[in-house]
Amino acid sequence: MLRRMGSEPTTLDMFAEDAAQEPRTEKIGPRSFVLRGFALPLIEQVLPALQQVLEQSPFRHMTTPGGFTMSVALSNCGSVGWVTDRTGYRYTRIDPETGAPWPTLPDVFLKLAKNAAAEGGFPGFMPDACLVNRYVPGAKMSLHQDKNEYGYEWPVVSVSLGIPATFLFGGLERSDKTQRVSLFHGDVVVWGGEDRLRYHGVLPLKHAEHPLLGEQRINFTFRKAQ
Ligand code: MD3
Ligand code: FE
C-alpha cells in the first residue's frame, strides 16, 4: 500500500504480506501504480459530467503532423486542451472545432485525479488539462512519449472506462522492451517521476461490449500542462 512511500519502516510493514496480497494496487514501474477499480465509487457522478463535457466539445478525429487521421477520437476539458493538426502537437485554450474555450474540468474529475495522485504518491497534484480519448474496437495508440507539457515533475493520471484495453509500457528509448498491462473499467493509473517520460501506447482494441458504455473505451488523461 502507498500510505507512507519512501519512509522508514513502521508497524504497518508487519502487514506487508497482506498488502502484497491486496489485489487493488499494482506497481508497474518505480513510480507507477495501477489502482484497480479506483474510479468506481464515483462513476455515477463521472458519467453525467463527461456527458456535459462532450455536449460542449464533442469527440473528433484529429490529423497528425504526418497527415494521418487518428483512430482514437478525442476531446478535452480544463483550462487547456491537447490538439494535433498538420502543423504539430500543442495545448490550446480554445477548442479549434467550436471556437470556444474547452469545457471546465468538472469537480468530480478533479477530485478523482487528485485522490488517485495522492494514493500513488503525488499529493498536491492540480491538473489543468484532461484529454478524453475514445477507442472503438480496432482503434489503437502507437508508442509515444508525452512531451508537450511545460514540466515533468507532476504525474500523469489516467482513468479507463468501458471495454478493456492492453496498455504497452516501454522505457525511455522507443526500442526498449515493453510490458503489457490490461486496463479495465474503473482502473486508474498514476505515472510519475522517472516513469513520466517512458514510451507507452495501446494495442488495437478487441471487440467487446460494456454494459454502461457499449462498444467503446473512454480514457481520461489528467496532466499539469502549464
Ligand atoms: C505513461 N493515452 O493520451 S493513458 C495519451 O489509454 C495516451 O488513451 C493512453 O497515452 C490511453 O497520451 C494511455 C496513460 C498514459 C498517459 C501518459 C503517460 C501513460 C503514460 C506518460 C508517461 C508514461
Ligand atoms: Fe500518451
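**Close-up views of ligand 1 and its pocket**

**View 1. Strands around ligand 1 in the predicted model.** At least two residues of the shell around ligand 1 come from each of β6 (129-135), β7 (141-144), β8 (156-162), β9 (165-169), β12 (200-202) and β13 (217-223), strands being DSSP runs of E with at least two residues, numbered from the N terminus. β13 makes the greatest contribution to this shell, with four residues. This is a predicted model, in which local features need pLDDT of at least 70 and side-chain atom pairs count only at pLDDT 80 or more, while totals for chains, interfaces and linings use all residues. Residues are numbered from 1 along each chain as written, ligands are numbered from 1 in the order in which they are written, and side-chain values use heavy atoms, without hydrogens and water.

**View 2. Contacts of ligand 1.** Of the 20 residues around ligand 1 (a heavy atom within 4 Å), those that come nearest are Y135, R196, H200, R217 and R223. For polar contacts (pairs of N or O atoms within 3.5 Å), an oxygen atom of ligand 1 lies 2.6 Å from a side-chain N or O atom of Y135, and the corresponding distance is 3.0 Å for N133 and 3.0 Å for H200. Of the 490 Å² of accessible area that ligand 1 has on its own, the protein covers 98% (Shrake-Rupley method, 1.4 Å probe).

**View 3. Composition of the shell.** The shell around ligand 1 comprises eight nonpolar, six polar and six charged residues, where Ala, Val, Leu, Ile, Met, Phe, Trp, Tyr, Cys and Pro count as nonpolar, Asp, Glu, Lys and Arg as charged, and the others, Gly among them, as polar.

Notes. A polar contact is a pair of N or O atoms within 3.5 Å; within protein, one must be able to donate a hydrogen and the other to accept it, and residues adjacent in sequence count only if both atoms are side-chain atoms.
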